[in-house]
Amino acid sequence: MSVRRFWASASTLVLAAVAALGVAQPASASSAAAGGYVALGDSYSSGVGAGSYLSGSGDCRRSTNAYPYLWAAANSPSSFAFVACSGATTSSVAGSQLGALSSSTGLVSVTAGGNDVGFADVMQDCVLSSEATCLSSVSSAVSQMHNSLPSGLSSLYGSIRSRAPQAHVVVLGYPRFYQLSGSCIAGLSEKERAAINNASDVLNGVIAKQAVNAGFTFSSVVDEFTGHELCSGDAWLHSVTLPVYNSYHPKAAGQSGGYLPAFRSAA
């Protein structure tokens, strides 16, 4: 999608999607907080879908229910820069958010990568078109994950390290969307849901590898969201909904019950 086509505003987003895989490595929250905390990334970090948006954040939709805001409120870092923005790609994070970093930054969080591989188009195809079209779109996105995404992530992570050489950097993943053989009786086919979940695993496997290569910590949210996917009966994610930009984003419960503990365990 364009810079704002995945986890983005209603004018550019029909549907949005990403998911997660990986293992977190714990670090010292107190030392990181002492150096200040900067929250980078896309709508999964800004808190789209969680409501209670900060005045002045505009289409970035930074929420007081988002995990960065919740973590900062609980840990009182010496400074807190919340610059994550809906629709951000690896290149737009690098181009417009890294000014918040400095040599004194102690802790950084980031979610980025899904917007680079056209997943909004994937979900649009899956919801509005045939199963064959859906599966073809998923396959195309997976190809981009393998072929073009690694360089974008590597470049972003290198820029973060250059701007914040002393920081502990936590790269968070994304939840799988669907509980297979779940409670949904309409919508996508089980084959489509399985393909989307698999693509999510591939996406986050690529993100995790690049994070480790950069010396960063990758923290999965898959365990936290297990039992709270779509079709689980207790979803922490919005399905197709209005306003449309909330679709396939965590609810407030997904931020506090999913992302916050995943970040806390790694920060």
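The following exchange goes through the disulfides, the annotated active site and a surface patch of a predicted model.

Visitor: What kind of model is this, and which pLDDT limits apply?
Guide: Residues are numbered from 1 along each chain as its sequence is written, and side-chain values use heavy atoms, with hydrogens and water left out. The model is predicted, with totals for chains, interfaces and linings using all residues, whereas local features need pLDDT of at least 70 and side-chain atom pairs count only at pLDDT 80 or more.

Visitor: How many disulfides does the structure hold, and what is their pairing in sequence order?
Guide: A disulfide is taken as a pair of cysteine sulfur atoms within 2.5 Å, and the structure holds three of them. When the bonded cysteines of the protein are numbered in sequence order, the pairing reads 1-2, 3-4, 5-6.

Visitor: How many residues apart in sequence are the parts that Cys-60 and Cys-85 tie together?
Guide: Cys-60 and Cys-85 form a disulfide with their sulfur atoms 1.9 Å apart, and the link is left-handed, with -80° about the S-S bond. Because Cys-60 lies in the loop between helix 2 (43-46) and helix 3 (67-75), and Cys-85 in the loop between strand 2 (80-82) and helix 4 (90-96), the pair ties together parts whose separation in sequence is 25 residues. Here helices (H or I, at least four residues) and strands (E, at least two) are DSSP runs, numbered from the N terminus, and the separation asked for is 25 residues.

Visitor: Is the link of Cys-126 and Cys-134 left-handed or right-handed?
Guide: A disulfide joins Cys-126 to Cys-134, with 2.0 Å from S to S. Cys-126 counts as buried at 2% relative accessibility, and Cys-134 is buried at 0%, where buried means under 20% relative accessible area, exposed over 50% and partly exposed in between (1.4 Å probe, protein chains only). With 75° about the S-S bond, the link is right-handed.

Visitor: Which parts do Cys-184 and Cys-231 tie together, and how many residues apart are they in sequence?
Guide: The sulfur atoms of Cys-184 and Cys-231 are 2.1 Å apart in their disulfide, which is left-handed with -100° about the S-S bond. Cys-184 lies in the loop between strand 4 (168-172) and helix 8 (190-213) and Cys-231 in the loop between helix 9 (222-225) and helix 10 (252-266), so the parts tied together are separated in sequence by 47 residues.

Visitor: Why do the residues that UniProt lists for "active site" gather at one spot?
Guide: In an unreviewed entry, UniProt lists Ser-43 and His-249 for "active site"; such positions are given in the numbering used here, feature names are shortened, and annotations may be inferred rather than shown by experiment. They span 207 residues in sequence, yet no two of their C-alpha atoms are more than 7.9 Å apart, so they gather at one spot. Ser-43 lies in helix 2 and His-249 in the loop between helix 9 and helix 10, but the value that answers the question is the C-alpha limit of 7.9 Å.

Visitor: Which residue has its backbone oxygen 3.0 Å from a polar atom of the side chain of His-249?
Guide: His-249 counts as buried at 0% relative accessibility. The backbone oxygen lying 3.0 Å from a polar atom of the His-249 side chain is that of Tyr-245.

Visitor: Is Val-127 buried, partly exposed or exposed?
Guide: Val-127 has its place in helix 5 (residues 119-128). At 34% relative accessibility, Val-127 counts as partly exposed.

Definitions and conventions: Polar contact = N/O pair within 3.5 Å; in protein donor to acceptor, adjacent residues only side chain to side chain.
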